[in-house]
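The following exercises concern sheet topology, helix packing, an interface between chains and local backbone geometry. Each task is followed by a solution in steps.

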Amino acid sequence: MKNDFSRRDFLKISGLLPFSFLAPNLAKNLGIRAPQTKKNVIIIVFDAWSAYNVSLYGYARDTTPTINKLAERAVVYHNHYAASNYTTPGTASILTGTLPWTHRAMQPNTTVSSEYLDRSIFSVFNDYHRMSYSHNEWVNTLFDGFRSNIDEWIPRLDLCLFSSYKVIQDIFKNDRDISSVAWERYAEFKKDDFSYSLFLSRLLSYFEGKEVERYYDQFPRGLPTSYTDNGFLLEHAVDQLVSRLGELTKPMLGYFHFLPPHEPYRPPVEFSGRFFRDAYQNILKPADIFMEPGGDFDIRKQRAIYDEYILYVDREFGRLYRELESSGILEDTWLVLTSDHGEGFERGYIGHQVNAIYEPLIRVPLMIFEPGRQSRLDVYEKTSAIDLLSTLAHVTGKDVPEWSEGEVLPPYRQQSELPERGIYSMRSYETEKDSPVKSASIGFVKGRYKLHYYFGYSILNSQKLIKLYDIESDPEELSNIVDMEPEIARQMVEQVEYSIEQVNKRYL
Amino acid sequence: MKPITKYYSRSNLWTLFLLCAFPLHVWAMIFAFRDISWVYARTDAWDAIGVLSYAMVFAFVESIWLSIAVFILGFLISLKWSSELRVAALGAVIFLVSILAMLVQLYITLGWSIPDSVISFFVLFAHPGRTVYLVLLAILSPIIAGTIYLVLGTRKGTQILKDAIDKISLLMMVYLVLDLVALVVVIIRNIQGSVK
Ligand SMILES: [Zn+2]
């Protein structure tokens with residue numbers, strides 16, 4: 001019998017099970033009495049949440065009615081870029097304040113290089129109670145790397161519905177990874193491979209199905225899930241986090257990374273179908289070179305469901321905000337709302353598993369809720385995910401670490417204008433930690449221009465592919481002006497190639 | 001309520017456990033051994049042994065649960081039967097049900113297909129899945145009962161079954177030794193933690 005359980009599946013399972021997990025370091029809490037001047041920092045990340053689909057940023061569908069209101073008391077960043085178009089590098093850049101080719105977590109489900117294990121937002125806030133949580137297994141793999149600097153790493157399945165994995169992981173605490181792989185092979189009922197168990201696998205799938213059934217009416221498309229759990233509700237995660245935060249002695253640093261609106265898109269019943277027959281028109285764009293042409297009809301439907309799923313994010317973030325407000329935590333807290341990368345519904349692709357680097361895939365929301373702020377401030381400057389670490393260090397009175405590659409964001413930095421800098425976002429799925437970057441998709445935004453720089457792909461016959469867009473007059477990236485602005489293109493290409501050369505020097 | 005000893009002797013219980021453990025272990029080991037190279041290719045030999053060991057430990061635990069269920073089932077068999085005969089009958093049930101469970105997994109995994117006409121018939125019911133199981137049960141219980149009757153109805157048949165049970169029990173003892181080794185591996189892994 002052929003074993004078709006792929007490496008991807010293996011990673012999927014083993015990745016969500018960090019090799020060890022830290023129990024809440026409560027002893028440490030008891031000792032901390034923060035001076036009033038120290039503010040908490042809470043970072044809320046919703047996975048694969050594109051700024052393109054957010055009404056606050058001008059999207060035609062009203063996907064964020066709650067957040068639009070809350071924004072009246074926030075600094076709203078309109079041109080904020082994730083450092084990649086998928087989770088591992090994008091999240092690692094938020095956490096380390098460095099670009100993917102620096103922190104080296106460029107392949108899926110990896111950790112940052114050993115050099116950066118002690119260079120993260122968790123190490124910067126080493127006098128805080130540092131907490132982390134994620135529904136996303138790949139983010140937990142990153143936490144595993146940073147674990148010596150995390151005081152309370154909430155296990156992934158703690159905020160999911162009951163699953164037998166949780167029992168197994170509780171019993172075999174010191175060997176979560178392999179015991180869970182064995183449990184998956186033993187007890188998980190599969191349609192395409194054998195279970196080691198003759199009877200238990202059937203019983204379990206029956207009972208776990210029953211547990212989930214209770215919520216069927218609320219989630220007609222199925223429960224939110226990352227596939228390697230038995231489903232979860234954002235409501236539960238928000239409630240449990242807020243109650244845990246209420247118990248803490250300040251100050252704390254929390255990094256909470258929720259899966260929605262990442263696929264599978266599972267909006268609750270109250271939003272389901274909301275955008276199905278509205279007047280929204282997809283802007284027609286030619287199929288990307290990395291995609292097969294055709295299949296455009298499904299994109300419209302998937303986009304609508306994704307937009308409905310954002311409504312769920314919007315509602316639950318609103319609830320989180322109000323809970324923090326009413327418990328009094330908010331007035332002492334820098335609350336950040338953002339995403340690790342975007343999601344796209346155009347040019348023949350749905351989602352973000354694509355080598356392209358268009359705006360919907362990399363432009364993400366960023367809002368900073370500053371303690372005591374009562375008015376809205378809109379920032380149109382182009383900003384990067386790597387700026388968050390420097391900014392949060394700066395506003396809480398810490399030294400910005402010299403290894404961080406980001407800038408302090410406006411309005412918090414001293415000089416109001418920086419010399420114009422380029423913003424990088426990249427995907428280099430094949431690059432190992434200690435190897436030079438030999439293939440990548442690089443987005444390079446400078447001023448009004450955005451360069452797409454693709455190289456090392458077999459589909460391009462290992463040739464470079466270069467596109468240039470004026471994203472201020474052409475935000476949809478419809479007309480490639482590389483031939484009309486050869487000088488600008490040349491300069492930007494030169495800059496990108498110089499950067500790659502500098503990065504690769506260390507690994508040759 | 002009759003005392004338990006009227007239904008089972010102590011050695012009966014042990015035999016019953018071995019009979020339950022046997023099919024579970026055979027099935028689990030076939031697929032766990034098949035996966036060794038797969039795990040090894042992705043991590044290392046110690047993890048491969050780890051997955052196998054956990055599988056054995058899980059199979060042992062599942063065997064205990066199955067034995068308890070079968071043990072309870074045995075109270076349904078008339079006291080007119082001797083306790084040996086009761087265990088032999090239960091043994092036959094375990095085997096037939098296990099083979100059925102194996103066939104179901106093979107059926108699902110290999111994608112054996114049911115003729116369309118049969119599917120369209122079952123779809124007519126409110127709970128097609130449930131109906132399929134009921135029909136299967138209706139077909140299989142007489143087969144199981146018939147087999148047991150035929151085997152236990154003749155002295156020769158009974159003797160063959162008893163011999164088989166003895167041989168299986170012996171083989172199962174070997175598996176139990178492996179379970180013990182597996183348990184030791186699991187304990188070591190959990191003491192040292194998976195330091196990588
Ligand atoms: Zn992500």
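Two strands are taken to pair if DSSP finds at least two bridges between them. The coordinates are those of a predicted model.

**Exercise 1. The mixed sheet of chain A**

Determine the strand order of the eight-stranded sheet in chain A and identify its edge strands.

Solution.

Step 1. The eight strands of chain A follow the order 4-3-5-1-6-9-2-10; the sheet is open and its pairing is mixed.

Step 2. Strand 4 (152–153) and strand 10 (377–384) of chain A each pair on one side only, which makes them the edge strands.

Step 3. At the edge formed by strand 4, the neighbour is strand 3 (residues 129–134) of chain A; the two run parallel and are joined by two bridges. Within this pairing, Ser132(A) has Trp153(A) as its bridge partner.

Step 4. Two helices of chain A that pack on this sheet can now be placed. Helix 7 (residues 137–146) touches strand 3, strand 4 and strand 5 (252–258) of chain A, and its direction makes about 155 degrees with that of strand 3. Helix 11 (residues 234–247) touches strand 1 (40–46), strand 3, strand 4 and strand 5 of chain A, with an angle of about 175 degrees to the direction of strand 5.

**Exercise 2. The antiparallel sheet of chain A**

Describe the four-stranded sheet of chain A and the helix that packs on it.

Solution.

Step 1. The sheet is open, has the order 11-12-13-14 and is antiparallel in its pairing. Its edges are strand 11 and strand 14 (465–470) of chain A.

Step 2. Direction ignored, neighbouring strands are turned by 15 degrees against each other on average.

Step 3. Strand 12 (residues 440–446) and strand 13 (residues 449–455) of chain A are paired over seven bridges. In this pairing, Ile442(A) is matched with Tyr453(A) in strand 13 of chain A.

Step 4. Helix 15 (residues 486–505) of chain A packs on the sheet and touches strand 11, strand 12, strand 13 and strand 14 of chain A. The direction of helix 15 makes about 55 degrees with that of strand 13 of chain A.

**Exercise 3. The interface of chain B and chain A**

Characterise the contact between the two chains by extent, composition and polar interactions.

Solution.

Step 1. The contact involves 38 residues of chain B and 34 residues of chain A. The buried area is about 3300 Å², and carbon and sulfur atoms give 65% of it.

Step 2. On the side of chain B, Arg34(B), Trp38(B) and Phe58(B) lose the most area to chain A, together 20% of what that side buries.

Step 3. Two salt bridges are counted between the chains. Arg185(A) forms a salt bridge with Asp35(B), with the closest N and O atoms 2.8 Å apart. The interface also holds 14 residue pairs in polar contact, counting pairs with both residues at pLDDT 80 or more.

Step 4. Helix 2 (10–42), helix 3 (45–73), helix 4 (83–109) and helix 7 (155–192) of chain B each give two or more residues to the side that touches chain A. Helix 2 of chain B gives the largest share, ten residues.

Step 5. By class, this side of chain B has 23 nonpolar, eight polar and seven charged residues.

**Exercise 4. A salt bridge within chain A**

Which parts of chain A does the pair Lys398(A) and Asp127(A) tie together?

Solution.

Step 1. Over all chains, the count is 41 salt bridges. In the one between Lys398(A) and Asp127(A), the closest N and O atoms are 2.8 Å apart.

Step 2. Lys398(A) lies in the loop between helix 14 (387–395) and strand 11 (423–427) of chain A, and Asp127(A) in the loop between helix 6 (121–124) and strand 3 of chain A, so the pair links parts that are 271 residues apart in sequence.

**Exercise 5. Backbone exceptions**

Locate two cis peptide bonds and a positive phi in chain A.

Solution.

Step 1. Most peptide bonds are trans, and most residues other than glycine have a negative phi.

Step 2. The bond joining Pro260(A) and Pro261(A) is cis, with omega about 5 degrees. The bond joining Glu263(A) and Pro264(A) is also cis, with omega about 0 degrees.

Step 3. Pro261(A) is placed in the loop between strand 5 and helix 12 (297–326) of chain A, and Pro264(A) lies in the loop between strand 5 and helix 12 of chain A.

Step 4. Ala48(A), although not a glycine, has a positive phi of about 60 degrees. Ala48(A) is found in the loop between strand 1 and helix 3 (65–70) of chain A.

Key. Residues numbered from 1 in each chain as written. Chains lettered and ligands numbered in written order. Predicted model: local features only at pLDDT ≥ 70, side-chain atom pairs only at ≥ 80, totals over all residues. Heavy atoms only, no water. Contact = heavy atoms within 4.5 Å. Axes fitted to C-alpha atoms, helices over the stretch in contact; angles between N-to-C directions. Buried area = accessible area lost by both parts, 1.4 Å probe. Salt bridge = Lys/Arg side-chain N within 4 Å of Asp/Glu carboxyl O. Polar contact = N/O pair within 3.5 Å; in protein donor to acceptor, adjacent residues only side chain to side chain. Nonpolar A, V, L, I, M, F, W, Y, C, P; charged D, E, K, R; others polar.
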